[in-house]
Amino acid sequence: MIKQLEVDGVPAVLAPVTGEMHAGLVFRVGLADEPLVRRGITHLIEHLALDGLGDAGAHTNSTTAVEHTFFHVRGSADRIAAFLNRVCAALRDLPAERIAAEIEVLRSESAGRQPEPRSMWRYGARDYGMPSFHERGLHGVTGEDLHAWVAQFFTRENAALWVAGDEVPADLRLDLPDGVRQPAPVPSCALPVTPAWFAGHRGAGHAESVAWDTVVRREARAAVFANVLERQLGRDLTRRGVRHEVRTEYEPRAARTARITAVADAAPADRPGVLAGLTGVLAAMRDGRVEAADVSTVVKLTCEGLRDAEERGGRLPGQAFNVLAGRGVQGVDEAVAEVRSVTVDEVARVAAAAYPAGLLMAPAGTTAGPEGYTAAPEVSAATVTGRTHRARGNRGLRLVHGEDGVSVVEDDAIRTVRYDSCAAVLAWPDGGRRLIGDDAIAVRVEPTLYTGGAAVVADIDSRTPPALRIDMPPRDPDAIPQPRRGWRDVWGISRPNG
């Protein structure tokens, strides 16, 4: 039986468990709350709060996710209290002298980790699109920036506690600053039409060969659909003789929605078959072809999983998240009954709703999407009005800048970022600039490539607020783009040699 109570003004859920006692403190803040210019700030605070809190007698970990950040600990009641008390104390007084060192730690961690690409295509360079971006907002972050972020998000009103054990540790003190509850952001949209598709990029570093995601209502039948999809897709690909690894995920969100993802990894030669299999299974399920045996099996396994999680305290984090979202606590019997009531027809209805909202990542090099899918926009519809600068040594490249923004036109492809919808400006000491729009379309301005390029950069800097600027470290000289060989600039006029 899950009990609801309050600890030092923080709502809490408590339930006895079989096995080791554990507890966690969660805050309603995550990647989706970060503007692009502060991408990584929550993760940095998480690291700073744990600095020096290692304890051989307790297992601890922490996570910064899309909507939540939490600190988790296993061990005795005394060790749990000591760990969470020290986390709260650290949040009140982050070790400023550790900022630079922890930023380097995060950079090292991210060096071998590639952000997942789909979020950016669906949401742009805002809120739920942040998982697609590196933590470049850490450049230049200050102690004042961290203090302001803590004051907004790491407060008692924006926190919840879960305890898997017989009682709340007697010495636990959640000494957090006062604040207000922070609702989850309203998701943006960068897709004018769905279902949509885009091609993955060669050498991007991620293992995803073919992937799909959608957004549906958060409910038990949607979770069942996600697992039935995995079973039907795996069986279909096996029947096609395609070597593959398939996994699906059901990710509940605060605003009573859920994101469902399906990822199928395969060798390059097998990827066309994986793409055909995934789109075929999705269409079949949309049309009501759902295997009853799969639904029965998934329902049975899900109910068993819920019972097992209840015994281990595995459901408590989700219940704490529900409390933060303003929803009530759901007992295991209620959760099991909801899953058991799911029918084949209900799974088919979820499939019918999921299909038109889908976003498909096709294998790199794909030039035409499946029938019924619209290409996600990767270029802009028009340039800004302003002065045009031809590139040195490249007749197909030109730069347009004016009062409203900047455009780069390469052959027939237009990329535009308007100043009133600019998410960030990456600025290198050599003058290079990269403007990223709210829609995630980026414009690269390299003054070395254009006549009058330095003046264009100065104009951009005068028209973009300092708060949008991310100062980047110096580039290797070989990484700075140069005009094509065989061209020279004489009195500001570029022309071919000879």
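This report describes the setting of Arg259, the cysteines Cys88 and Cys303, and the buried face of helix 11 in a predicted model.

Arg259 lies in strand 10, which spans residues 257-265. Its relative accessibility is 8%, so Arg259 is classed as buried, the cut-off being under 20%. Two acidic side chains, those of Glu116 and Asp213, make polar contacts with the side chain of Arg259. The distances are tabulated below.

| Side-chain pair | Polar contact distance |
|---|---|
| Arg259 and Glu116 | 3.5 Å |
| Arg259 and Asp213 | 3.4 Å |

Beyond its neighbours within four places in sequence, Arg259 is in contact with a set of residues that includes both of these partners, Glu116 and Asp213. The set also contains Arg118, Ser119 and Thr214, together with Glu249, Tyr250, Glu251 and Arg253.

Turning to the cysteines, Cys88 has a relative accessible area of 0% and is therefore buried. Cys303 is likewise counted as buried, at 6% relative accessibility. A disulfide is a covalent bond joining the sulfur atoms of two cysteines. The number of disulfides in the model is zero, on the criterion of sulfur atoms within 2.5 Å.

Helix 11 covers residues 344-354, and its buried residues are Val347, Ala348, Val350, Ala351 and Ala354. These residues lie on the same side of helix 11, because they cover an arc of only 160° around the axis. In an α-helix there are 3.6 residues a turn, so residues three or four places apart point the same way. The buried residues of helix 11 pack against strand 8 (210-217) and against three helices: helix 6 (220-239), helix 7 (271-286) and helix 8 (292-312).

Note on methods. Residues are numbered from 1 along each chain as its sequence is written. This is a predicted model: local features need pLDDT of at least 70, side-chain atom pairs count only at pLDDT 80 or more; totals for chains, interfaces and linings use all residues. Side-chain values use heavy atoms; hydrogens and water are left out. Helices (H or I, at least four residues) and strands (E, at least two) are DSSP runs, numbered from the N terminus. Buried means under 20% relative accessible area, exposed over 50%, partly exposed in between (1.4 Å probe, protein chains only). A polar contact is a pair of N or O atoms within 3.5 Å; within protein, one must be able to donate a hydrogen and the other to accept it, and residues adjacent in sequence count only if both atoms are side-chain atoms. Contact means heavy atoms within 4.5 Å. The arc is that of the directions from the helix axis to the C-beta atoms.
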